[in-house]
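The exercises below concern a structure with its sequence. Each task is followed by a solution in steps.

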Amino acid sequence: MSTEYDDEQDLDRALDQALNQALQQLPREIRPAADLWPGLQTRLKQTPQQHPRLPAWPLAAAAVLAALWLAPWPQPAPAVPPVTLETETVSPSVEISLVQTYEQQKAQQLAGLRFTVGPMGDWQEQLSTWDDAVLQVRFALSFYPDEPQLLSQLDMLYRQQLSYLQQVALAETSVPNAYY
Amino acid sequence: MSEEPAKLIQAAQRGDLQAFQQLYELHIGRVYALCQRLLVDRQRAEDACQESFIKIWRQLPGFRGDSSFTTWLHSIATRTAIDLWRSDRMLRLVDDTEPDDCPATQPTPQEISTGVDMEQAIRNLPPQARAVFVLFAIEGYTHQEIADLLSIAQGSSKAHYHRARQLLKEWLREH
């Protein structure tokens with residue numbers, strides 16, 4: 001082969017070309033001689049799939065919203081008893097039962113309120129911000145249904161919301177009906 | 001193929017083994033080619049394939065489509081094959097950071113004209129040069145990616161690649 005080339009550089013270039021051509025001709029796929037699927041299938045049946053962990057941002061968003069509501073509102077005495085959470089043996093239905101219990105209490109409190117804007121301002125707007133925070137935590141719970149911290153956050157948000165509604169109701173009783 | 005790959009992926013993500021088998025059939029050829037070229041030994045290549053598809057199955061629900069499925073699958077297979085390649089080297093207690101000058105065996109003259117010859121020549125490269133060459137020249141990884149995968153410097157990757165090319169050109173020259 002080398003006799004066809006006058007100098008080493010030409011030969012090197014030709015070899016480079018030959019190598020590149022040989023590489024291009026290599027098959028992209030090579031099938032294994034043995035059928036690997038039966039053995040693989042047996043192992044796959046014993047291998048559970050890993051479901052994705054929650055990305056960091058929903059947790060962070062929920063935590064930030066919760067922190068925001070912790071900061072501006074002075075914590076009144078817990079007039080609303082917390083819903084008991086069995087954090088050691090949490091089941092996926094805890095979130096639902098917690099939401100149902102608090103929403104029921106919230107509906108009762110809301111039914112007793114007369115005004116949209118009272119002495120404490122537009123309480124509906126305040127309430128909707130809490131609702132947003134609740135939704136964020138519930139979104140996070142859709143990834144981590146049994147996350148005790150998230151359930152505690154949900155519990156805390158509802159208690160804050162109910163405490164706030166109690167304050168709104170108290171404020172309403174202190175003013176005459178004709179005030180608004 | 002009876003179903004679209006996207007549907008197969010979704011079904012396999014939900015734990016459908018039949019869908020996963022179809023994905024396996026679609027990709028086993030490329031995965032095995034990588035494993036065989038990297039690990040040389042047939043049994044090790046088959047082990048690497050099985051391990052790769054076990055990992056792919058396990059991690060499949062986390063695949064969100066940020067990259068193409070093929071890219072995602074091959075990155076898992078590549079890392080798995082490299083892990084085995086690395087453990088093989090450690091087991092042999094061979095330090096081949098300096099490439100061997102004497103590959104174990106040369107292809108026979110009969111192999112040269114069959115198309116199997118280049119495969120054989122690649123297999124006979126020193127392990128580190130072979131790994132870099134396979135990843136760069138055949139699998140299309142960059143030297144930076146190879147450096148990360150093999151835990152070597154980018155310059156070392158380039159040096160091994162250059163060495164591999166030189167050895168293969170010498171082999172071509174002889175044949």
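**Exercise 1. Determine how many residues each chain gives to the contact, and how much area is buried.**

Step 1. With contact meaning heavy atoms within 4.5 Å, chain B contributes 42 residues and chain A contributes 37 residues.

Step 2. The two chains bury about 3,700 Å² between them, of which 61% lies on carbon and sulfur atoms. Buried area is the accessible area (1.4 Å probe) that two parts lose on being put together, summed over both.

Step 3. Gln50(B), Lys169(B) and Arg173(B) supply 17% of the area that chain B buries against chain A, more than any other three residues.

Step 4. A note on the basis of these values: this is a predicted model, in which local features need pLDDT of at least 70 and side-chain atom pairs count only at pLDDT 80 or more, while totals for chains, interfaces and linings use all residues. Residues are numbered from 1 along each chain as its sequence is written, chains are lettered from A and ligands numbered from 1 in the order in which they are written, and side-chain values use heavy atoms, with hydrogens and water left out.

**Exercise 2. Identify the elements of chain B that give two or more residues to the side touching chain A.**

Step 1. Between chain B and chain A there are 15 residue pairs in polar contact, both residues at pLDDT 80 or more. A polar contact is a pair of N or O atoms within 3.5 Å; within protein, one must be able to donate a hydrogen and the other to accept it, and residues adjacent in sequence count only if both atoms are side-chain atoms.

Step 2. The elements sought are α1 (5–13), α2 (17–39), α3 (42–59), α6 (117–123), α7 (127–138) and α9 (154–174) of chain B. Helices (H or I, at least four residues) and strands (E, at least two) are DSSP runs, numbered from the N terminus.

Step 3. The largest share, 13 residues, comes from α2(B).

**Exercise 3. Locate the salt bridges between the chains and state whether their partners are buried or partly exposed.**

Step 1. A salt bridge is a side-chain nitrogen of Lys or Arg within 4 Å of a carboxyl oxygen of Asp or Glu. Six are counted between chain B and chain A, and 16 over all chains.

Step 2. Asp16(A) and Arg165(B) pair at 2.9 Å, N to O. This pair runs from helix α1 (residues 8–24) of chain A to helix α9 of chain B. Buried means under 20% relative accessible area, exposed over 50%, and partly exposed in between (1.4 Å probe, protein chains only). Asp16(A), at 21%, is therefore partly exposed, whereas Arg165(B), at 11%, is buried.

Step 3. Arg43(A) and Glu51(B) have their closest N and O atoms 2.8 Å apart; they connect helix α2 of chain A with helix α3 of chain B. Arg43(A) is partly exposed at 31%, and Glu51(B) is partly exposed at 27%.

Step 4. A further salt bridge joins Arg173(B) to Glu8(A) at 2.8 Å, N to O.

**Exercise 4. Describe the salt bridge between Glu139(B) and Arg30(B).**

Step 1. The side chains meet at 3.3 Å, N to O.

Step 2. Glu139(B) lies in the loop between α7 and α8 (143–150) of chain B, and Arg30(B) in helix α2 of chain B, 109 residues apart.

Step 3. Both Glu139(B) and Arg30(B) are buried.
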